[in-house]
Protein chains: 2
Amino acid sequence: MSSEAHLELGPSSLTDALYESIRKRIVNGEIPQGEKLTEVRLATEYNVARPTAKAALERLTGVGLLRRTAHKTAVVPVLDEAEIRDLFFSRITIEKAAVSALAATGEVPADAARAQVAIEYAARDRLFENQVDADISFHTALVAAVGSRRLSRMHELIIGEVHLSMGQYKAHRKVDPSTVASEHAAVLEAIAAGDPAAAADHLAHHLEQAEARLLSTLPQTRS
Amino acid sequence: MSSEAHLELGPSSLTDALYESIRKRIVNGEIPQGEKLTEVRLATEYNVARPTAKAALERLTGVGLLRRTAHKTAVVPVLDEAEIRDLFFSRITIEKAAVSALAATGEVPADAARAQVAIEYAARDRLFENQVDADISFHTALVAAVGSRRLSRMHELIIGEVHLSMGQYKAHRKVDPSTVASEHAAVLEAIAAGDPAAAADHLAHHLEQAEARLLSTLPQTRS
DNA sequence: TAGGACGAAATTGTTAGACAAGAATGCACG
DNA sequence: CGTGCATTCTTGTCTAACAATTTCGTCCTA
């Protein structure tokens, strides 16, 4: 790994750019679970002042992508089975509410349909990382389509950790893309049919499957 | 208002103490809606350095108790009708999930029962602020009893804004405490009876009433 | 050799001062 | 009376430094 990272142009604030860059490296698994991130290390790597690095770390801690306690250095969290279960319980709560609300209107969000297509392309080309990103986009688009700022904010918290765990365990994952595609399609169909209960059921089933797939890749707790 | 505020002893970190102090002043309505909070003002008021004040403001922004955009000063948000509706939609989503889960176990959380009593005492003594705090505690206890760290974190986001709006509009509120008490009691009874659907229904009804009570205190949008 | 205590190094928390850049305000001029 | 410019306010970022706390390695002792 290079000793210096560079920030893409774009975000107005330097802290924003730093936050976004580190966030991507964490959710992609580039920075592995358990790794410690000190303020000075990041500051020197990115050529920014320590307070700037500190601010980025604090924001990442706020969204659950880092953990730290007072005077201790931030680490990328290691999600064990109990935490993954809690994560998916919370996720199902939010996303069920989202698809129910969408089904009540009967309109399938265009962004979600587009993401669904992107997943298939990525799967065909064996681009695992793109496939994960597209899957995240699909679920995020569903929630965003509800139009509730607060629901989206809560979902952002959750989906960040989901992204983290998918990225961290990617080496072990062997998921049949067509299975995911059909599960997604079932949800969209129920939304189009205007059937909230069916949409919620299909979504819950899909997420339970996703949870099981993720749990099966977890390293066994050694005796 | 005094030109200097003092921090209570307790929280380990200075930033934590500052965050907590400002948070309380906002949710109690002591700092009114629309008020601007500049970094230097807080820094001088509390006798801390500007970066410390900045950190506290950023954390408050992160939980929705302040709003700010780049280079602009933070302000206490003014929640209009649409935002209150969104707030309660999100709140109902989270709390329904919580009471359903609790009813599945059939155990009434002790903390919630205690908070229920505290509400009655506060109402009897006409201590409005305590009444609000106890009500918040009741709902927070319900969610906390589920034992899901992430559900509690999401709820914290929501309940903060709920607290804010209750505190800001308190002058206009005239709520019958016994009504609230009986609505709460219905939820607890359904949990004790182990009936998830009934618990969710009673809770939704209670929160819809609370939403309506809050909306009725909103100043009319002038033509 | 194993264990614990002590001390040094690393890391974070907080402060001060400074400068640049963007936003808001008011005044002057057309 | 309205518009544009300049001043002022406020935030974003940096450098430097010290205090407080944690961590780690070493050394001494049993």
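A polar contact here is a pair of N or O atoms within 3.5 Å; within protein, one atom must be able to donate a hydrogen and the other to accept it, and residues adjacent in sequence count only if both atoms are side-chain atoms. The model is predicted: local features need pLDDT of at least 70, side-chain atom pairs count only at pLDDT 80 or more, and totals for chains, interfaces and linings use all residues. Residues are numbered from 1 along each chain as its sequence is written, chains are lettered from A and ligands numbered from 1 in the order in which they are written, and side-chain values use heavy atoms, with hydrogens and water left out.

**Stop 1: chains A and B**

Select both protein chains. Between chain B and chain A, 14 residue pairs are in polar contact, both residues being at pLDDT 80 or more. On the chain B side, helix 4 (81-105) and helix 7 (149-168) each supply at least two residues that touch chain A; helices are DSSP runs of H or I with at least four residues, numbered from the N terminus. That side of chain B comprises eleven nonpolar, five polar and seven charged residues. In this classification Ala, Val, Leu, Ile, Met, Phe, Trp, Tyr, Cys and Pro are nonpolar, Asp, Glu, Lys and Arg are charged, and the others, Gly among them, are polar.

The contact (heavy atoms within 4.5 Å) takes 23 residues from chain B and 23 residues from chain A. About 2,000 Å² is buried between the two chains, with carbon and sulfur atoms giving 53%; buried area is the accessible area (1.4 Å probe) that two parts lose on being put together, summed over both. Now select B:Arg150, B:Arg153 and B:Met154, which supply 32% of the area that chain B buries against chain A, more than any other three residues.

Keep B:Arg150 and add A:Glu161: the two form a salt bridge, with the closest N and O atoms 2.7 Å apart. The interface has eight salt bridges by the rule, which asks for a side-chain nitrogen of Lys or Arg within 4 Å of a carboxyl oxygen of Asp or Glu.

**Stop 2: DNA strand D**

Select the residues near strand D (one heavy atom within 4 Å of the strand). There are 20 around it, and the closest are A:Leu14, A:Thr15, A:Thr52, B:Arg50 and B:Lys54. Of the strand D atoms that come within 4 Å of the protein, sugar and phosphate account for 76%.

Three phosphate contacts can be picked out here:

- A:Thr15 has a polar side-chain atom 2.8 Å from a phosphate oxygen of strand D.
- A:Ala49 places a backbone N or O atom 3.2 Å from a phosphate oxygen of strand D.
- B:Glu39 has a polar backbone atom 3.1 Å from a phosphate oxygen of strand D.

Colour the surface near strand D by helix. Helix 1 (14-27) and helix 3 (50-62) of chain A, and helix 3 (50-62) of chain B, each supply at least two residues. Helix 3 of chain A gives the most, with three residues. By class, five residues are nonpolar, seven polar and eight charged.

**Stop 3: DNA strand C**

Move to strand C, which has 19 residues around it; A:Arg50, A:Lys54, B:Leu14, B:Thr15 and B:Thr52 come nearest. Zoom in on A:Arg50, where a side-chain N or O atom lies 2.8 Å from a base oxygen of strand C. The side chain of B:Arg50 also has an N or O atom 3.2 Å from a base nitrogen of strand C. On the backbone side, a polar backbone atom of A:Glu39 is 3.2 Å from a phosphate oxygen of strand C.

Which helix gives the most to the surface near strand C? Helix 3 of chain B does, with three residues.
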